[in-house]
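Here is a short briefing for a first look at this structure. Please view the sequence and the model, then read on.

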Amino acid sequence: MYGITSYATYIPWLRLTPDTDGWPHSFQRSVANFDEDAITMGVAAGKLCLHKSDLSKIKALLFCSTSAPYAEKQNAAVIAAALNLPSHVLTVDLAGSIRSSTSAIYLALDMIQATPEESVLIISSDTRMGMARSPLDDSFGDGAAAILLGQEDPLAIIESKSSQTSILYDLWRDSSSSFVSQWEDRFVADNGVESLMIDSVQSILSAAKLDMSQIYKLAINAPNLRQANRIKRLLNATDSQLNTSLLELIGNTGCSMAIMELCLALDQISEKDQYICLSCYGDGVDSFLIKSTRAYNSRGKDMESTMLSINTGHPLSSYEEYATLKQLWETGESVRRPDTSPPSVPAIYREQTKNIHFQGGKCDHCGYVQYPAQKICVNCQEQHPSSVVNLSSARAILFTYSMDYLAGTTDVPLVICTINFDTGGRMLCVMTDRNIEDLHVNMPLEMSFRKISEHKGVTSYSWKAMPIRLEKGEQA
Amino acid sequence: MTGIRDRVAIVGMGCSKFGERWDSSAADLMIEAVNEAYTDSGLSSQDINAAWVGTASSFRTGQPVAEALKFNYIPITRVENACATATEAFRNAAYAVAAGIYDIVLAVGVEKLKDSGFSGLAIPEAPNSGVTPAAPPPSQFAMAATRYFHKYEIPFEDGKKTLADIAVKNHHNGSLNPRAHFQREIKQEQAMNAPMIAWPLGLYDCCGVSDGAAAAILTTPEIAKSMRSDYVLVKALGLSVGAFGMLRDDWDFTYFPETVHASQAAYNEAGITNPATEIDLAMVHDCFTITELIIYEDLGFSQRGKASQDVRNGKFTLEGDLPVNTDGGLKCFGHPVGASGIRMIYEVYQQLNGNAALRQLPKADIGLTHNLGGRPGSFTCSIGIFGSSDTG
């Protein structure tokens with residue numbers, strides 16, 4: 001018996017909300033910060049998903065995105081390194097369609113069938129762009145979701161699956177464009193998402209001899225609120241079965257949307273044998289019938305609640321701020337800055353353990369923890385081997401900080417901080433996703449994988465500190 | 001170890017006007033400073049046996065010095081130790097004289113910063129992985145202020161007042177100095193209300209970024225005596241290089257161990273047991289006001305945590321018990337990185353010889369310079385102690 005053994009969502013902190021100057025809508029959308037992309041959000045979701053998992057059992061990482069930063073160079077490999085997955089793990093990028101996330105489930109099920117003792121991690125992440133002020137710009141949201149499939153004590157099992165392909169120019173983006181385009185939505189609704197999804201859901205239910213009333217939750221990637229409501233009506237589903245809060249509060253998160261809806265449904269499982277119907281549209285449709293194995297409470301409160309991550313956002317002050325961090329326009333600076341030198345690829349390669357794996361060292365002789373790991377210990381000042389200290393999930397306190405108003409970032413003021421890890425060790429880093437009013441010495445922090453610099457397509461990733469957003473087990 | 005005490009004398013010094021020297025190249029600035037040192041000493045380029053030049057980023061070798069000053073194939077070495085570069089040039093020159101290798105040598109420090117088109121400090125970096133936080137010096141030193149206020153439970157407003165008082169003092173001293181980059185007095189509230197650069201440090205908490213050069217001619221005390229009566233003796237040169245602050249989570253930013261180590265070594269070398277009473281004046285590395293506050297404690301001028309009190313009581317003003325940065329300091333004289341250390345020695349030299357004009361202190365026999373390179377957690381600290389010729 002195999003199925004979903006763990007899951008998590010990551011929704012970026014920033015939001016366009018009715019409180020945002022220049023945002024005319026009553027609904028909200030999530031916005032990836034200037035230092036986030038599909039890779040970093042994917043790492044955040046993956047980190048939460050794997051926090052209690054045995055990494056040695058993972059067979060593959062399937063990364064699904066239509067907005068991955070690299071067109072050539074594997075995005076999944078960067079994520080695997082940041083998650084400290086063993087190097088023998090198969091890493092795959094799936095792209096091209098927002099349906100790739102559920103197609104990944106299809107592939108993963110076959111892989112697990114071949115070697116049932118192993119598990120497959122699927123991470124979906126998107127930060128799609130619509131032209132400024134376009135309906136797509138309004139309805140898109142940013143975010144990532146991760147699920148771990150395997151046979152070790154699954155929370156829910158996948159009972160059946162179906163897939164079909166269709167060619168339709170409803171949404172597209174050619175490789176030279178930053179923005180997604182769409183055809184007129186009435187044609188698309190009639191011939192795309194609505195007809196295909198309704199047909200697919202009804203077929204999978206009837207094959208299982210179930211009717212809609214026996215389905216606890218529907219998890220679908222409706223493109224927007226209007227279409228979600230139409231699909232709900234056409235399927236005879238209730239408000240409780242088809243929750244639209246994700247669309248209202250976060251937006252359409254592309255590849256990760258169907259999986260996020262699944263996570264939201266799994267969060268609400270109240271007993272054994274409840275059915276979730278997952279259906280994901282995108283150049284065709286994939287549908288799955290998923291059945292819970294136990295009540296939510298019995299799986300423990302060690303997972304972060306999806307609803308809580310949806311609700312812990314911070315409104316951007318203005319649409320202008322959004323346009324700046326999304327680089328929808330070029331902004332000028334009053335200060336002329338020296339050109340930064342491009343990152344050195346050999347240095348990035350050499351510093352992988354420090355910057356990507358985010359490991360410090362504990363001196364085998366005196367036990368002193370230091371970041372980065374040192375060949376000669378700073379404490380006993382002798383040359384001894386050191387053992388690995390993983391810092392990506394470590395907590396830290398803010399030892400001291402400053403706020404730089406001239407350092408030339410979109411995130412003014414730049415919060416420069418010195419943090420002390422609870423494992424021991426210290427780091428000079430930038431704090432992201434912060435409210436400057438909340439900053440104080442000794443405030444608790446967690447670590448987040450982010451873009452640090454970009455130059456001619458070479459992105460240097462590493463870890464930043466951020467205030468703790470949500471505590472595990474907290475309920476929305 | 002015999003140490004450097006009373007083995008080397010300064011017989012001539014020069015210092016260019018510091019500031020935005022749009023019309024002057026690094027070569028022009030060096031010529032300005034070195035010409036003054038020649039005039040002061042009565043020597044010429046023909047008398048110099050060897051030279052050391054300090055510059056952080058204006059050029060890479062000794063050749064530009066030979067080209068500018070037309071030296072005839074003498075040994076010239078370029079040295080660099082971040083913001084403590086000039087003192088490093090002086091130190092190497094002094095040790096060469098003390099070792100008996102040369103009779104008369106030149107130490108010159110120079111920096112041409114304003115050609116970068118950037119109002120901050122533009123120092124090129126070696127190729128790297130691109131993950132080091134974009135944390136310019138103000139943000140790094142501001143972290144020391146945050147922690148200092150936290151540790152001693154100083155309310156933000158009070159802390160800002162103390163820092164403002166340091167800026168006010170240095171602006172006052174700078175206003176008496178025609179060579180200083182900034183020569184205007186400021187008021188406490190002006191400093192407190194200035195725009196933030198890196199919170200909690202505002203505009204007046206940060207030193208000037210300037211062009212400038214300074215030079216010293218060194219020789220043995222025996223030769224110095226034959227030249228003039230008012231030479232200045234090197235009493236001590238302490239240098240400490242540290243790098244542990246960001247690797248050790250128990251270092252707390254409220255003291256700089258490099259300053260403590262370098263000053264202790266220098267006090268021992270100079271035979272000073274109570275710096276607060278035995279030293280008449282000090283030029284310290286006030287790259288930021290918080291740095292000067294911490295330096296008071298690190299040098300033993302103030303007790304730990306009590307420097308704010310000493311600032312309030314005027315201890316470090318021209319009229320105080322221990323005047324600090326009588327020439328305006330980095331804050332107002334300006335900070336051409338590779339020149340600053342020798343500029344500090346220049347002011348001590350003028351004060352010891354009674355030539356400091358409006359800033360002249362009534363008693364100036366022993367002076368200290370403190371030159372700091374790097375950032376909190378990883379500094380190069382260079383201390384010099386100097387005495388008038390009758391202290392030999």
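**Core and domains**

B:Met30 touches B:Val65, B:Ala68, B:Leu69, B:Val108, B:Val110 and B:Ala213, leaving aside residues up to four places away in sequence. Contact here means C-beta atoms, placed from the backbone, within 7 Å. The model is predicted: local features need pLDDT of at least 70, side-chain atom pairs count only at pLDDT 80 or more, and totals for chains, interfaces and linings use all residues. Residues are numbered from 1 along each chain as its sequence is written, while chains are lettered from A and ligands numbered from 1 in the order in which they are written.

**Nonpolar core**

- The largest nonpolar core (buried Ala, Val, Leu, Ile, Met, Phe, Trp, Tyr and Cys residues joined through C-beta atoms within 7 Å) has 253 residues.
- Buried means that 20 or more other C-beta atoms lie within 10 Å of a residue's own.
- A:Ile122, B:Met30, B:Ala107, B:Val108 and B:Ala215 touch the most other members.
- Helix α9 (residues 257-267) of chain A gives the most to this core, nine residues; helices are DSSP runs (H or I) of at least four residues.
- Domain 1 (3-325) and domain 2 (345-467) of chain A both supply residues, so the core lies between them.

**Domains of chain A**

- The domain bounds come from an automatic or database domain assignment.
- The centres of domain 1 and domain 2 of chain A, taken over C-alpha atoms, are 30 Å apart.
- In chain A, 19 residues of domain 1 are in contact with 18 residues of domain 2.
- On the domain 1 side of this contact, α1(A) gives the largest share, four residues.

Terms used: Buried ≥ 20, exposed ≤ 12 C-beta atoms within 10 Å, placed from the backbone. Helix = DSSP H or I, 4+ residues; strand = E, 2+ residues; numbered from the N terminus. Contact = placed C-beta atoms within 7 Å.
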